Amino acid sequence: MNLLELELRLQKLIEVQLINALPGQKTEDLIVQKLTNALNSKRVELADGTLIAPDVYTLLAHTNTVAQWKDPYLIETLIEILKAAGQDEDIHFNHPPTINIADDSNILPGDFKIIASYRAEPLEETKDMKNDTENQTESSDNDTIPENAFLIVEGVKVFPLKQPVINIGRRLDNTVVVDDPRVSRNHAQLRSIKGRFVVFDLNSTGGTFVNGQRANQSILYPGDVISLAGVSLIFGQDNPLPRPDLADTSPLNDASANRKTAVIHTIPPTPKKKK
């Protein structure tokens, strides 16, 4: 099936499935455009000239309309569009592309956003994880930190994960501070364990969810959507490609990155006293 046929299929799905979520004409053109833009935004060229495209895509939509995007046939169609677009431009995928759907209350009801990243190579799964978090730093200090891992908070702010233990919450002494009343002061923690990041809920009030399922602890995979009482975080991990000149694999910024959303910052260093 070629791209034109897929656009016609998508048009019919929009008329039935997304008519209330995406008002306006030619919405299918916008969807195809955003998918192909995401595909091309982070494609890389290998030494032999082969073009490689991202294989993990996360579609963010408003909380009130996100359910309409979760139709399996619609998701299948979007994946087929990605494959057809890649074939038309002679771009290859290291893995079959996947699409995750997540909600973001900061996105307008009639809009959506697509974020692309690469799937990490399979690593040894985490075993014998402990539930208690009192000795969390000791258990993680000697583990390899996954390369090129990052969090995207509320769809716009990118936070690279460079430490073996990442505390997330509303308190200012957290590694990632999320200034949102729904988030607990000490809400969740990411720990690097056996080459994987694992998210732990720290007895938060609103709970920690991974891909819609409540979790006390869960191994994270690229594209997983973490929800802290309704505040969305996307876990990404770009697999390093065999390109010595490839400098930056983090998601590209766009104009929407300047929107006001959850406040994220690291603790600044203590200023030196003047002698």
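The legends below describe close-up views of a predicted model.

**Figure 1. The whole chain has five helices and 17 strands.** The chain has 275 residues, and 49% of them are buried. Of the contacts between residues at least 6 apart in sequence, 65% join residues at least 24 apart. The mean pLDDT of the chain is 74, and 69% of the residues reach at least 70.

**Figure 2. Confidence in the chain is highest in strand 9 and lowest in helix 5.** Strand 9 has a mean pLDDT of 94, whereas helix 5, residues 136–140, has a mean of 44. Residues 122–141 have a pLDDT below 50, and the model gives this stretch 37 contacts beyond near neighbours in sequence. Another stretch, residues 240–270, stays under 50. For residues 240–270 the model has 59 contacts beyond four places in sequence. Where pLDDT is low, the predicted coordinates should not be read in detail.

**Figure 3. Five strands make an open sheet with mixed pairing.** Across the sheet, the strands follow the order 10-9-11-12-15. The edges are strand 10 and strand 15, the latter being residues 217–219. Each edge strand has a single partner strand, so one side of each has no neighbour in the sheet.

**Figure 4. Strand 9 pairs with strand 11 and with strand 10.** Strand 9 covers residues 165–169; four of these five residues are buried, so the strand is largely enclosed by the rest of the structure. With strand 11, residues 188–193, the pairing is antiparallel and has four bridges. With strand 10, residues 176–177, strand 9 runs parallel, and two bridges join them. Within this view, Asn167 has Gln189 of strand 11 as its bridge partner. Ile168 stands opposite Ala188 in strand 11 and opposite Val176 in strand 10.

**Figure 5. Asp55 is a buried residue in a loop.** The loop that holds Asp55 lies between strand 2, residues 51–53, and strand 3. The relative accessible area of Asp55 is 1%, so this residue counts as buried, the cut-off being under 20%. Asp55 and Tyr118 are 63 residues apart in sequence, yet their C-alpha atoms are 5.4 Å apart in space. Neighbours within four places in sequence aside, Asp55 is in contact with Phe93, Asn94, His95, Pro96, Pro97 and Thr98, among others. Ser117, Tyr118 and Arg119 are also among the contacts of Asp55.

**Figure 6. The largest cavity holds about 40 Å³ of space.** Rolling a probe the size of a water molecule over the atoms shows where empty space is left. The structure has two cavities of 30 Å³ or more. Residues lining the largest cavity include Val56, Thr58, Ile115, Ala116, Ser117 and Phe150. Also in this lining are Ile152, Pro222, Gly223, Ile234, Phe235 and Gly236.

**Figure 7. Four strands each give at least two residues to the lining of the largest cavity.** These are strand 3 (56–61), strand 6 (112–117), strand 7 (149–153) and strand 17 (231–237). Sorted by class, the lining consists of eight nonpolar and four polar residues, with no charged residues. Ser117 is part of this lining, and Ser117 is also in contact with Asp55.

How values were computed. Residues are numbered from 1 along each chain as its sequence is written. This is a predicted model: local features need pLDDT of at least 70, side-chain atom pairs count only at pLDDT 80 or more; totals for chains, interfaces and linings use all residues. Side-chain values use heavy atoms; hydrogens and water are left out. On a 1 Å grid over the protein atoms alone, a cavity is a set of points where a 1.4 Å probe fits but cannot get out, and a pocket is an open set with protein on both sides within 12 Å along at least five of seven lines; lining residues have an atom within 4 Å of a point. Grid points are joined across faces, edges and corners, and a volume is the space filled by probe spheres set on the points. Ala, Val, Leu, Ile, Met, Phe, Trp, Tyr, Cys and Pro count as nonpolar, Asp, Glu, Lys and Arg as charged, and the others, Gly among them, as polar. Buried means under 20% relative accessible area, exposed over 50%, partly exposed in between (1.4 Å probe, protein chains only). Two strands pair if DSSP finds at least two bridges between them. pLDDT is the predictor's confidence in each residue, from 0 to 100. Contact means heavy atoms within 4.5 Å.
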